[in-house]
Amino acid sequence: MRERVIQFKGQWRDYQQRVLSAGEGYLKDGKIHIVASPGSGKTTLGLELIGRLNQPALILVPTITIREQWVSRLKSSFLEEETDIATLVSQNLKEPKRITVATYQSLHSAISQFKGRLHEKRETNEETDDVFSEVEESVDFSSFDLIKSMTELGLATICLDECHHLRNEWWKSLELFRQSFQNAKMIALTATPPYDSTPHLWQRYINMCGEVDEEISIPELVKEGSLCPHQDFVYISEPTKDEKKKLETFYKDSLQFCDRLLEDPAFEEAILTHKALKGQLSNEELLENPVHLSSLLIFLQAKQLPYPTNLKTLLSDKKLPRLTVEWLSQLLQHFCYVEPDFYVVDETYRKSLISEMKSLGLIEKKKVCFSRNQKLDQLLLHSIGKINSIKTIVAHEYKQLGKELRQLILTDYIRRDFENQIGQEDISIQSLGVLPIFEVIRREVLKKSPEIKLGILCGSIVVIPLSAKKSFLQFVGQDRVSFQQFAGLSDYLLVSSVGSRHFLTAAVTELFMRGDIQVLIGTKALLGEGWDAPCVNSLILASTIGSFMLSNQMRGRAIRSWQKAPEKTANIWHLVSINPKPSLVSREKEQPTLHMDLTQSTLGDQDLSYGEESPDLQLLRRRTDHFLGLSYDGQTIESGIDRFSIIKPAFTSKKIKDINQFMLERSSDRKAIKDGWQTALTISEKFDVANLIEMRSELVSPVLFYEAKRALIRSLIIDGLIVLIRVAFSLRTPNWFNILFVLGLLVFVGIQGWRYFHYKSPLTRLQIFGQAILKALLEQDKLSTNECGVEVHTFDDVLMQISLKGGSGRDKEIFSQTIKEFFAPVDNQRYLIHKTGKKAKKEMSSYFAVPSVFSKQKEVQSFVKSLGSYLGSYELIYTRTPLGRKHLLEARILGLANQQNHLLNKKMVRKSEFT
């Protein structure tokens, strides 16, 4: 056996040893696929697997920064000091070596023989002042044959790091390259697998990487000590005076327009031309968009105008809510754009109405926006008020940690136009970005705590404290950099490089690790993914990125354990801007009495302030939907915004102040964070991350209960008659036979009684539905293993939870998505199932949608057959036929009552019964 070229010099953690011990078995199909959270040591595992295969290898990574980190990790953890790394490792595809590390972008450029500059711009909403590349390099692949070069090298191992979020053209190049090296072993590593992608995209991903072999979750890593205990905190800011003025103008214009519209006879006359009011539309046409029908009837009710009662019956005879701004905007949306043909009006009137709304900013991209629009969302997302939050958090964290503070602030933009204003005390802050944040902290926080050391690390700008200059030069050398001072500011230096800037990231990171910089400000594009500084113990996310992948990566910068601080805990701060109640517009003071009397029964005292509709809160909800964290009661580890128990609307200025004070006090007790993780993780030696679907009990069909009830009544009646007959002829029959016969009848009645009480519980029925769906998934090989089961829980018999216990992360995602689609209100699904029988036709839950995972006709038929053994007889309905459309219409009518009963999805750590 050939001597290994690289050998790990450290000690493996238990979960790493588990993966490596099973690695040979996993590689029997030529692929090993590892899912592990940021901070788990994926890079080290990948290098060890490459070392064990001991063949020429190509490592592909998302960014230049991560490329350099692979090389750095290889040098520090696998090579002896005297080893010349340049003879072993290359970062240039044109000069491949035993181990070649390259970006996916460079692979695509080599395949397409591109010549020019490669720019890394990822997940950004670019603005004109910030259109620049964080990192870039020149390449010339013209006339270069990558396939030939790698073939001559004898490429036998390909390692993919986070390949799932590649651009489509990069993905095509990767697939093309892989076809030329089909015998090469594949090592796939990721922290964020695309579990929630479409079946097609998931299959494409699995074809490349192989099925997931190992999953290492954040709770497991905290328990093992690879990640530190951590907690997410939310700090709320209000808009600035100027921002509030812009919001107030919009709210005022919106409310005044709505009030004028409600008084306008022409608008009332136009709405009364709706064809449904004259019986000119079928029920099916109306229920194609029930929101439109609802908004129409709510408007007519508010104006005390008559309408056909059958229209309300279509909406399940529910009590109509009062007219609100949102309902009025829905009515206008359909009147102007969605279903304008339903109204017999002069187009001149419609166009004039649209023109007026556009002039007031109430229409945006053919969408009526009375409560909010994209411009106002951006105003709040990038509110200057967040800088005050950052200032408060920095001061608070420094007060708690002092010299031990290592705080990272990530934001979206640099704001280069602010560079000339650094150090000028009289210049006001007008934008949220790296340089404005630096200046506010320098001006206001450092006045009370001048010993705090600030730094900036971006792709195009680096700032260090003057006090760190000597250490910095020791690391990079005098001839590689030059320094420049900001005008009027002597304590900080702007660093420029001679030639490539790539080494600056490592140099500033080293200063940060040593404590020469305590608060480091940068962009998420450079530092949000792959950047490694395990010293970070406080992270402020001043970014508007809400995707799971990038949010998970950004959080990963803070939650790594650090050998130099074994007791480390990390605080992760999310910034939220909310325009609080009461509304900025006082309508009573501005509107005529008659006007208010008219709207009192309709719009009422509408509050158009954002509150629970804040775009930042929506972003926070998206962020927290997938990653797991400690609940505020310290009892569970779960995902979702609900674990921030104090973050609930409605928000007033006082409530915002109370929430912020709570967050500051809670963040100060880092011992409680550590103890909370320890308590929550003692549930079991082995635990499972469950994907929970939460629903109200009325969503679970009572049909099974009704069947059991009818069976019990029938058995009591029939058995009673039989007993009477047997008694009448008892003299002619031996007594022992009568006794056995009666006992048999009692057993039969007992069984029916047990079924009656068993199916009476919605939780039991949910369990049965779940088992039926699990059986269908297993029979059609939709899951990777049959070592799994259904688990249900209830809270006061009102809220219920269902999840898959056991199985892979993808299995849990498939099961939860299937449950959601099965219980979702009927809309326009291709296939439905319907409970047969007279009683079932009257039940709103007698219709269910066939989940999209069963997409082919044979799969659908097999799904219905699998359900039969658990749920009884259901018929399959194809809704694209005339008869099927009738069923679809009925299902929509019956399902409208459940439209507001949403199914919630979250993850939670629970005891595992599967090994």
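# Exercises on a predicted model

F267 is buried, with a relative accessible area of 1%. The structure is a predicted model, and the exercises below start from this residue.

## Exercise 1. The surroundings of F267

Task: State in which helix F267 lies, and identify which residues F267 touches, not counting those up to four places away in sequence.

Solution. Begin with the location: F267 belongs to helix 10, residues 265-271. Next, apply the cut-off, by which buried means under 20% relative accessible area; the value for F267 is 1%, so F267 counts as buried. Then list the contacts: L261, F299, L328, L331, L332, Y349 and L353. Finally, consider L353 from this list. F267 and L353 are 86 residues apart in sequence, while their C-alpha atoms are 9.2 Å apart in space.

## Exercise 2. Helix 9 against helix 15

Task: Determine whether helix 9 and helix 15 are roughly parallel or roughly antiparallel to each other, and which residues meet between them.

Solution. Take the axes first. Those of helix 9 (residues 241-263) and helix 15 (residues 347-359) come within 11 Å and cross at roughly 160 degrees. Angles over 145 degrees count as roughly antiparallel, and helix 9 and helix 15 are therefore roughly antiparallel to each other. The handedness comes next: helix 9 passes helix 15 in a right-handed crossing. As to residues, F257, R260 and L261 of helix 9 meet L353, E356 and M357 of helix 15. Two of these residues, L261 and L353, are also among the contacts of F267.

## Exercise 3. The parallel sheet

Task: Give the order of the strands in the open sheet of 7 strands, and explain why one side of strand 3 and of strand 9 is left without a neighbour in the sheet.

Solution. The order is 3-4-2-7-8-1-9, with parallel pairing. Strand 3 (89-90) and strand 9 (214-216) stand at the edges and have a single partner strand each, so one side of each has no neighbour in the sheet. At the strand 9 end, strand 1 (residues 31-36) pairs with strand 9 in the parallel sense over 3 bridges, and V35 has E215 as its bridge partner in strand 9. Helix 3 (residues 64-78) packs on the sheet and touches strand 2, strand 3, strand 4, strand 7 and strand 8 (185-190); its direction makes about 160 degrees with that of strand 4. Helix 4 (residues 104-111) lies across strand 2, strand 4 and strand 7, and runs at about 90 degrees to strand 4.

## Exercise 4. Strands 2 and 8 within this sheet

Task: Describe which residues of strand 2 are buried on each side, and why strand 8 is largely enclosed.

Solution. Start with strand 2 (residues 57-61), where 5 of its 5 residues are buried. On one side these are A57, I59 and V61, and on the other L58 and L60. Now follow the pairing. Strand 2 runs parallel to strand 4 (residues 99-103) over 5 bridges, with A57 opposite I99. Strand 2 also pairs in the parallel sense with strand 7 (residues 157-161), over 4 bridges, and here I59 has C159 as its bridge partner.

Turn to strand 8. Of its 6 residues, 5 are buried, so strand 8 is largely enclosed by the rest of the structure. Strand 8 is joined to strand 1 by 5 bridges in a parallel run, K31 being the bridge partner of M186. Strand 7 and strand 8 pair in the parallel sense over 5 bridges, and L160 stands opposite A188. The chain passes from strand 7 through helix 6 (residues 168-179) to strand 8 in a right-handed β-α-β crossover.

## Exercise 5. The mixed sheet and helix 26

Task: Identify the edge strands of the open sheet of 9 strands, and state which strands helix 26 lies across.

Solution. The strand order is 10-18-17-11-16-12-13-15-14, and the pairing is mixed. The edge strands are strand 10 (230-237) and strand 14 (481-486), each pairing on one side only. Neighbouring strands of this sheet are turned by 25 degrees against each other on average, direction ignored. Within the sheet, strand 12 (residues 454-457) and strand 16 (residues 519-523) run parallel and are joined by 4 bridges; G455 has L520 as its bridge partner.

Helix 26 lies across strand 10 and strand 18 (570-577), at about 155 degrees to strand 10. The axes of helix 26 (residues 653-668) and helix 17 (residues 385-401) come within 10 Å and cross at roughly 30 degrees. These two helices are therefore roughly parallel to each other, and their crossing is right-handed. T392, H396 and Q400 of helix 17 meet L664, S667 and S668 of helix 26.

How values were computed. Residues are numbered from 1 along each chain as its sequence is written. This is a predicted model: local features need pLDDT of at least 70, side-chain atom pairs count only at pLDDT 80 or more; totals for chains, interfaces and linings use all residues. Side-chain values use heavy atoms; hydrogens and water are left out. Buried means under 20% relative accessible area, exposed over 50%, partly exposed in between (1.4 Å probe, protein chains only). Two strands pair if DSSP finds at least two bridges between them. Contact means heavy atoms within 4.5 Å. Axes are lines fitted to C-alpha atoms, for helices over the stretch in contact, and angles run from 0 to 180 degrees between N-to-C directions. A crossover is right-handed if, with the strands pointing away from the viewer, the path from the first strand over the helix to the second runs clockwise. Angles under 35 degrees count as roughly parallel, over 145 as roughly antiparallel, 65 to 115 as roughly perpendicular and the rest as oblique. A crossing is left-handed if the near helix is turned anticlockwise from the far one by less than a right angle, and right-handed if clockwise.
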